[in-house]
Amino acid sequence: MAAAAVDSAMEVVPALAEEAAPEAAGLSCLVNLPGEVLEYILCCGKLSAADIGRVSSTCRRLRELCQSSGKVWKEQFRVRWPSLMKHYSPTDYVNWLEEYKVRQKAGLEARKIVASFSKRFFSEHVPCNGFSDIENLEGPEIFFEDELVCILNMEGRKALTWKYYAKKILYYLRQQKILNNLKAFLQQPDDYESYLEGAVYIDQYCNPLSDISLKDIQAQIDSIVELVCKTLRGINGRHPSLTFKAGESPMIMEIELQSQVLDAMNYVLYDQLKFKGNRMDYYNALNLYMHQVLIRRTGIPISMSLLYLTIARQLGVPLEPVNFPSHFLLRWCQGAEGATLDIFDYIYIDAFGKGKQLTVKECEYLIGQHVTAALYGVVNVKKVLQRMVGNLLSLGKREGIDQSYQLLRDSLDLYLAMYPDQVQLLLLQARLYFHLGIWPEKVLDILQHIQTLDPGQHGAVGYLVQHTLEHIERKKEEVGVEVKLRSDEKHRDVCYSIGLIMKHKRYGYNCVIYGWDPTCMMGHEWIRNMNVHSLPHGHHQPFYNVLVEDGSCRYAAQENLEYNVEPQEISHPDVGRYFSEFTGTHYIPNAELEIRYPEDLESVYETVQNIYSAKKESIDE
């Protein structure tokens, strides 16, 4: 009987939500049910927020059940935006109806801004002040971020331009928040020794779109600590480390007991879990990101040392970081507490080398040179982070010319957050932005700061100021959008259209066309360096701007390209800048690109039909 009543009520509720004046019989059937059953029905997931609003206006009982802070509106909020629930405490009073309205408004405003970005910034990189609109929006920042994530998670191959700019905005917002957190962290006193926390901030800043948190990384480390305790229990069932509670890190003073912990750690990390130093791919930025070190179980000396240090300290072994040249180490004190110690009173631990314990002589042998005693000293958190970022900076300088230099840009931001008056790094940052042709106004601000810090840099500063001002003036003088019509006589030799998936005849790479010129428009030096004159048609043939599957952008001669009869999506970060959708055979240009090539879309359709008609005939034969 109860089940039948519920089923009947489930049929009545949608009707009540739709009718302005529900019939008395239907309403009576509903309101006579127990409160728990009514609540269950209203939270069943079949009713929209608008439905709940209409149902709650029918009578006092339903209005009370649908109160703004109650379970019904909480469930509406949870179903619509489940990822946001982690930000609310079960014990807090929350006006869920008001939260729903604020989140809904934030989503609409965020989408409006994302939609405007392509029109505003199609011809240039988003300027440094281009994100001010979304920074100035009212409402919780987490709501805007959640909407951007929703856009990124939209299914299918559509809305590529929206996803492209949503990703840029989300990247910027998260980096700004992380950078502010890092700066606050760096203001902690020198005896604040949360090395892991600082390393996680670096990881988060370089990977702002990944779900990385100190809590999650600490949980993974805690699981390793549990394994170490299990092994330690087999060595010494009465070891004091086994009695430590979570969050406590008292120090063990007896060397023998400390040694037992290190033995257990070495077994678990290197024998059981197979952690190892990454000798095969040493110069890979992933080796410096703590979440990747835990996933891939490999790293370089500094990241492996931080993991080793964190586990040891949780188990009561007071290891300390040593900023040893060329190979980061840890030191383990062997001397009596309170005694005057020198470098020979420590054992040095190589976490990169499976926890091997070294003497001073062996440390020098490790790097092949003699070093002063000062280099065996302990360093604070800021120095450790400086070394980590310095490693990233070196890796960033290795990036190829076709890359966006994102790692170099991120590592410069991090280094300058710690040492804002480093003239050489400021100069490198200014040169980098100038080279990439982005943020000219910020380049001038950086150069002015350099000149204030070190007037002796006036030569380099003056050169960059002059050319940056010239760049700004050229942009002001730029005429409107250049429109290229395939029907123009001067474009008669252009065979391919934007959006087509092509293959390079010589190098074999797949690419998509996002622009073309009737002849090569590059300078004489480029033409000479690329040996264009050796081509049968030289530079007097159409050339195409293409996005390549390896992430590069290239300028290819028409005679070197051919249709890809088995087209696939091109995994290039800038695809969304130019195209709104991938159809399975070709890309559809977004509104801004179509303005520049208004006749290409029709040509693409014709070309694709011809290709597949020919392919079908070949199969039939």
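Here is a short walk through this predicted model, from its domains to its cores, one helix, one leucine and its cysteines.

Let's start with the overall layout. The chain is split into four domains: domain 1 covers residues 99–187, domain 2 joins 195–317 with 381–386, domain 3 spans 422–479, and domain 4 runs over 489–613. If you look for domain 1 and domain 3, you will find their C-alpha centres 28 Å apart. UniProt, in an unreviewed entry, lists residues 493–590 under "domain: Hemimethylated DNA-binding". In the model, that stretch is 10% helix and 34% strand, and 25 Å separates the C-alpha atoms at its two ends.

Next, let's turn to the interior. The largest nonpolar core holds 87 residues, and the members that touch the most others are M265, F275, Y308, I311 and L319. I311 is a good one to click on: beyond its neighbours within four places in sequence, I311 contacts I221, I224, V225, V228, M265 and L269. A second core, separate from that one, has 44 residues, including Y100, V126, F131 and L173.

Helix α11 is worth a stop of its own. This helix takes in residues 195–206, 12 in number. From first C-alpha to last it reaches 17 Å, close to the 16 Å expected at 1.5 Å a residue. Because 12 of its 12 residues are buried, α11 is largely enclosed by the rest of the structure. The buried set takes in charged residues as written in the sequence, among them E197 and D203, along with others such as Y195, G198 and Q204.

Now move along to L425, found in helix α19, which covers residues 423–436. Is L425 buried or exposed? Its relative accessibility is 11%, so L425 counts as buried, the limit being under 20%. Setting aside residues up to four places away in sequence, L425 touches L393, L412, Y415 and L416. For a sense of scale, L425 and H291 are 134 residues apart along the chain, and their C-alpha atoms are separated by 27 Å.

Finally, what about the cysteines? The count of disulfides comes to 0, where a pair needs its sulfur atoms within 2.5 Å. Take C66: the closest cysteine sulfur, in C43, is 8.4 Å away, so it is too far for a bond. C66 has 6% relative accessibility and therefore counts as buried. For C520, the closest cysteine sulfur belongs to C511 at 16 Å, which is also too far for a bond. C520, at 7% relative accessibility, counts as buried too.

Terms used
Residues are numbered from 1 along each chain as its sequence is written. This is a predicted model: local features need pLDDT of at least 70, side-chain atom pairs count only at pLDDT 80 or more; totals for chains, interfaces and linings use all residues. Side-chain values use heavy atoms; hydrogens and water are left out. A nonpolar core is a set of buried Ala, Val, Leu, Ile, Met, Phe, Trp, Tyr and Cys residues joined through side-chain atoms within 4.5 Å. Buried means under 20% relative accessible area, exposed over 50%, partly exposed in between (1.4 Å probe, protein chains only). Contact means heavy atoms within 4.5 Å. Helices (H or I, at least four residues) and strands (E, at least two) are DSSP runs, numbered from the N terminus. The expected span of a helix is 1.5 Å times one less than its number of residues. UniProt positions are given in the numbering used here, feature names are shortened, and annotations may be inferred rather than shown by experiment. Domain bounds come from an automatic or database domain assignment.
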